[in-house]
Amino acid sequence: PIQYAITYPRRFPMSGNELDFSKYSSLTFEKPDIQTFSALRLAYEAGRMGGIMPCIFNSADEAAVEMFLSGKFKYLQISEAIEYAMSMAKPVENPTIEQILEADKWARNLVYDMKCRS
């Protein structure tokens, strides 16, 4: 999925072997560093807030990644754009589908308009 996201819309053959979980006796995980990976902190925050905020997070993230891939944003501006969209959004506790679609469009346009400020 990561390779596909980076190379979208093209698809390249995957080199190397697929991960065979049966070859590993155990896997270990560390607590994520939410200070270094601020978008992860924002994702947790959006989830805790609920309502419309996960939509705002996702839409802003997708628009910011698009801007990054097109060379209009620097990598670190992705999380800045998400945080900005979340800070500007009006909370909606139990959004309707229409409100979700409207929030999606609003957050994307907000991020696209940020290119003038970068």
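## A tour of helix 2 and two pockets

Start by selecting Ser38, Leu42 and Ala46, the buried residues of helix 2. They lie on the same side of helix 2, because the arc they cover around the axis is only 80°. The general pattern is handy to keep in mind here: an α-helix has 3.6 residues a turn, so residues three or four places apart point the same way. Bear in mind as you click along that this is a predicted model.

Now show helix 3 and helix 4 as well: the buried residues of helix 2 pack against both. Then turn to the other side of helix 2, where Gly47 and Arg48 are exposed. If you like a quick check, take the distance between the end C-alpha atoms of helix 2: they are 16 Å apart, which agrees with the 16 Å that twelve residues should span at 1.5 Å a residue. Following the helix, stop at Gly50, which has a positive phi near 65°.

Next, the largest pocket, with about 630 Å³ of space. To centre your view, select Asp61, Val65, Phe68, Tyr75 and Ile78, the nearest to its centre among 22 lining residues. Which helix supplies the largest share of this lining? Helix 3 does, with six residues. Helix 1 (2–7), helix 2 (38–49) and helix 4 (77–88) each add at least two. Colour the lining by class and you will find 15 nonpolar, three polar and four charged residues.

Last stop: the second largest pocket, about 210 Å³ in volume. Its lining includes Ile52, Lys90, Glu102 and Trp106. Helix 5 (residues 97–113) gives the most here, four residues. By class, this lining has six nonpolar, one polar and two charged residues.

Notes: Residues are numbered from 1 along each chain as its sequence is written. This is a predicted model: local features need pLDDT of at least 70, side-chain atom pairs count only at pLDDT 80 or more; totals for chains, interfaces and linings use all residues. Side-chain values use heavy atoms; hydrogens and water are left out. On a 1 Å grid over the protein atoms alone, a cavity is a set of points where a 1.4 Å probe fits but cannot get out, and a pocket is an open set with protein on both sides within 12 Å along at least five of seven lines; lining residues have an atom within 4 Å of a point. Grid points are joined across faces, edges and corners, and a volume is the space filled by probe spheres set on the points. Ala, Val, Leu, Ile, Met, Phe, Trp, Tyr, Cys and Pro count as nonpolar, Asp, Glu, Lys and Arg as charged, and the others, Gly among them, as polar. The expected span of a helix is 1.5 Å times one less than its number of residues. Buried means under 20% relative accessible area, exposed over 50%, partly exposed in between (1.4 Å probe, protein chains only). The arc is that of the directions from the helix axis to the C-beta atoms. Contact means heavy atoms within 4.5 Å.
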